[in-house]
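Got your viewer open and a selection tool ready? Let's walk through this model together, one stop at a time.

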Amino acid sequence: RARRRRHDPLSTVLDADDVAARAAALRAHSFVRVRLPPPHAALARQLLSAAANFFDDAASTRTAHIPPTQRRDHDGRTGYVWERGREFLEVHPRSATAPPPPPAARAATAAMLESSAAFSAACFAHCEAVVGELARTSPPLALLARAEREAVDAATAAAAPLTYSASMLRTHRYTKEDGADYPPHSDLGLLTLAPRA
């Protein structure tokens, strides 16, 4: 008698366009593996290439540090952070508080910020579609999604910039430094989309 194989969510890869299947997988397993469409996969590769150049350019990372006065501004800060065992660039491209690259920015910094904005926009669209599908059966999530839409609509109607957005992108590079041990943690956002490195 043949045994039925249990469904293994780790082996299942869904197309990004199948929003209903992604939402169902998230409900069942809290995660889903997604195959990005070729243009968005290309943006991920471009981001990882730009990140390698940025992190290897000491002058770029030095001038991109998050100023101490913005360290606690978790919803709008943009810049570079170095910690034991890792370094990362954090951007909030949907927030008006995110500064544009300075005119004299090094090429590695400008390329990193440009590719971060492009990939972040693609991620946001994918996540927003899934949140919309999940919100159909979750009143608290529907309320949260509606509040976000109303804030964007109000800013658009007033021709004003969006001053707050929890949507962010962090590009990390981990080192092999001894003693760098990261305990279990929760990501900062409602949904996290992490491209395969």
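**Stop one: a pair in the hairpin**

Select Arg86 and Glu83: their side chains form a salt bridge, with the closest N and O atoms 2.6 Å apart. The term here stands for a side-chain nitrogen of Lys or Arg within 4 Å of a carboxyl oxygen of Asp or Glu. Before going further, please note that this is a predicted model, in which local features need pLDDT of at least 70 and side-chain atom pairs count only at pLDDT 80 or more, while totals for chains, interfaces and linings use all residues. Residues are numbered from 1 along each chain as its sequence is written, and side-chain values use heavy atoms, leaving out hydrogens and water.

Turn on the surface and compare the two partners. Arg86 is buried, at 16% relative accessible area, whereas Glu83 is partly exposed at 29%. (Buried means under 20% relative accessible area, exposed over 50%, and partly exposed in between, with a 1.4 Å probe and protein chains only.)

Now show the backbone. Glu83 has Arg86 as its bridge partner in β4, and Gly79 stands opposite Glu90 of that strand. β3 and β4 form a hairpin with two residues between them, and Gly85 in the turn has a positive phi of about 90°. Strands here are DSSP runs of E with at least two residues, helices are runs of H or I with at least four, and both are numbered from the N terminus.

**Stop two: the sheet**

Select β3, β4 and β5, which make an open sheet in that order with antiparallel pairing. The edge places belong to β3 (79-83) and β5 (169-174); each has a single partner strand, so one side of each lacks a neighbour in the sheet. On average, neighbouring strands are turned by 15° against each other, direction ignored. Five bridges join β3 to β4 (residues 86-91); strands count as paired if DSSP finds at least two bridges between them.

**Stop three: from β4 to β5**

Which residue forms a salt bridge with Glu87? Pick Arg173: the closest N and O atoms of this pair are 3.0 Å apart. The partners come from distant parts of the chain, Glu87 in β4 and Arg173 in β5, 86 residues apart. Glu87 is buried, with a relative accessible area of 8%, and Arg173 is partly exposed at 28%. Add Asp56 to the selection, and you have one network joined by salt bridges that share partners.

**Stop four: the helices**

Show α2 (residues 38-56), which packs on the sheet and touches β3, β4 and β5, its direction making about 60° with that of β5. Contact means heavy atoms within 4.5 Å. Then add α4 (residues 107-135), which lies across β4 and β5 at about 65° to β4. Axes are lines fitted to C-alpha atoms, for helices over the stretch in contact, and angles run from 0 to 180 degrees between N-to-C directions.

The axes of α2 and α4 come within 9 Å and cross at roughly 150°. That makes the two helices roughly antiparallel, a label for angles over 145 degrees. To inspect the contact, try residues including Leu43, Leu47 and Phe54 of α2 and Met112, Phe119 and His126 of α4.

**Last stop: an exposed arginine**

Finish at Arg136, whose side chain meets that of Glu133 in a salt bridge (3.7 Å, N to O). Arg136 counts as exposed, at 66% relative accessibility. The salt bridge count comes to eight.

Methods. Parallel < 35°, antiparallel > 145°, perpendicular 65-115°, else oblique.
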